[in-house]
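User: Please take one part of this model and look closely at how it is packed. Then follow the connections outward from there.

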Amino acid sequence: LPHSLIGCTVSYFKGRRGPTGPICVIPPYITSTSFDAIGEKIKTCDGSHSCMQHEGDQKSPPSAPNLLLIDCVGRRVVAAPPNCRYLALSYVWGNQKAKCVSIGKILLSIPQTIEDAITVTSKLGFRYLWVDMYCIKQDDQVDVSNQIRHMDLVYRRAHATIIAAAGDNPDLGLPGVSSLRRTRQTHAVINGVSVANFTNNPWELADSSMWNSRAWTFQESLFS
């Protein structure tokens with residue numbers, strides 16, 4: 001599914017065709033080859049899929065008003081440049097408290113899931129990332145209300161949504177980015193032949209996650 005990236009596992013593996021076809025041995029960390037493959041899927045979506053095309057009188061959805069984004073190069077929260085390309089993060093807060101962040105201030109000591117999402121965003125060739133904890137002025141109830149009303153635009157305009165399906169808070173990180181994958185693949189070499197089992201369907205892992213139990217993340221998935 002090219003418009004969503006799963007944090008618990010990578011759902012795209014070159015060469016995998018099905019239960020009777022070849023399967024690759026999945027490394028414990030996401031490799032540059034996997035990032036390249038995901039990037040190509042996003043490009044295919046941009047150029048070929050109806051969700052990203054607007055024909056005739058149908059116009060692209062407008063940007064959310066007063067949109068803020070994390071600049072992954074400068075590691076600062078900035079006002080969204082016109083028509084910029086960005087990714088969005090969908091995750092669960094757990095007991096994490098809201099952050100009061102000033103525009104332009106360098107982000108320090110951020111939760112590991114958000115740190116990993118910044119890494120993924122950069123690896124996929126994007127500069128900007130939307131994360132509600134930092135891109136909504138949590139100490140300004142007027143801005144909170146305004147941004148909540150425009151969640152559909154935030155996620156519809158994102159080129160892809162990173163889903164943090166592992167864990168129940170933003171401190172675990174994205175397995176495969178800063179830590180080993182949760183699902184390990186059993187494999188061995190027998191008489192020069194590599195043998196490996198099929199891993200679980202990543203969507204099954206997402207379905208049983210804390211992320212999939214929240215109404216807030218449900219709407220983020222739907223809008224994406």
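Analyst: The buried residues of helix α4 pack against α5, where packing rests on contacts, that is, heavy atoms within 4.5 Å. The model is predicted: local features need pLDDT of at least 70 and side-chain atom pairs pLDDT 80 or more, while totals for chains, interfaces and linings use all residues. Residues are numbered from 1 along each chain as its sequence is written, and side-chain values use heavy atoms, with hydrogens and water left out.

Helix α4 covers residues 141–148, and its buried residues are Asp143, Val144 and Gln147. These residues cover an arc of only 105° around the axis, so they sit on the same side of α4; the arc is taken from the directions between the helix axis and the C-beta atoms. Gln141 and Val142, on the other side of α4, are exposed. Buried here means under 20% relative accessible area, exposed over 50%, and partly exposed in between (1.4 Å probe, protein chains only). Helices (H or I, at least four residues) and strands (E, at least two) are DSSP runs numbered from the N terminus.

The partner helix, α5, spans residues 151–157. One of its residues, Tyr155, takes part in the one aromatic pair of the structure. The ring centres of Trp130 and Tyr155 lie 5.6 Å apart and the planes meet at 75°, which means the pair is edge-to-face. Rings of Phe, Tyr and Trp (its six-membered ring) pair if their centres lie within 6.5 Å, with planes under 30 degrees apart stacked, over 60 edge-to-face and the rest tilted. Trp130 belongs to strand β5 and Tyr155 to helix α5, so this pair links distant parts of the chain, 25 residues apart. Trp130 is buried, at 0% relative accessible area, and Tyr155 is buried at 0% as well.

From Trp130 the trail leads to the largest nonpolar core, which has 43 residues; Ile70, Leu129 and Trp130 have the most contacts inside it. Helix α5 supplies at least two residues of this core, as do α1, β2, β4 (86–90), α2, β5, α3 (132–135) and β6 (160–163). A nonpolar core is a set of buried Ala, Val, Leu, Ile, Met, Phe, Trp, Tyr and Cys residues joined through side-chain atoms within 4.5 Å. Leaving aside neighbours within four places in sequence, the contacts of Leu129 include Leu69, Ile70, Cys72, Tyr86, Leu87, Ala88 and Leu89. Leu129 is also in contact with Ala117, Ile118, Thr121, Cys135 and Ile162. A second core, separate from the largest one, has five residues, among them Val92, Ile163, Ala165 and Trp211.

Ala117, Ile118 and Thr121, which Leu129 contacts, are buried residues of α2, along with Thr113, Ile114, Asp116 and Val120. The 12 residues of α2 should span 16 Å at 1.5 Å a residue, and the end C-alpha atoms are 16 Å apart, which agrees. The expected span is 1.5 Å times one less than the number of residues. After α2 comes Gly125, with a positive phi near 85°.

Helix α2 also contributes to one of the three salt bridges in the structure. In a salt bridge, a side-chain nitrogen of Lys or Arg lies within 4 Å of a carboxyl oxygen of Asp or Glu. Glu115 is bridged to Arg75, with the closest N and O atoms 2.8 Å apart. Glu115 is in α2 and Arg75 in the loop between β2 and β3 (76–79), so the bridge ties together parts 40 residues apart in sequence. Glu115 is partly exposed at 24% relative accessibility, and Arg75 is partly exposed at 24%.

Another bridge joins Asp71 to Arg127, with closest N and O atoms 2.9 Å apart. Asp71 is in strand β2 (residues 68–71) and Arg127 in the loop between α2 (112–123) and β5 (128–130), a link across 56 residues. Asp71 is buried at 9% relative accessible area, whereas Arg127 is partly exposed at 39%.

The remaining bridge is between Glu40 and Lys43 (3.6 Å, N to O). Both residues lie in helix α1 (residues 32–48), three residues apart, about one turn of the helix. Glu40 is partly exposed at 46% relative accessibility, and Lys43 is exposed at 55%.

As for the whole protein, there are seven helices and eight strands, and 41% of the 224 residues count as buried. Of the contacts with a separation of 6 or more, 78% come from residues 24 or more positions apart.
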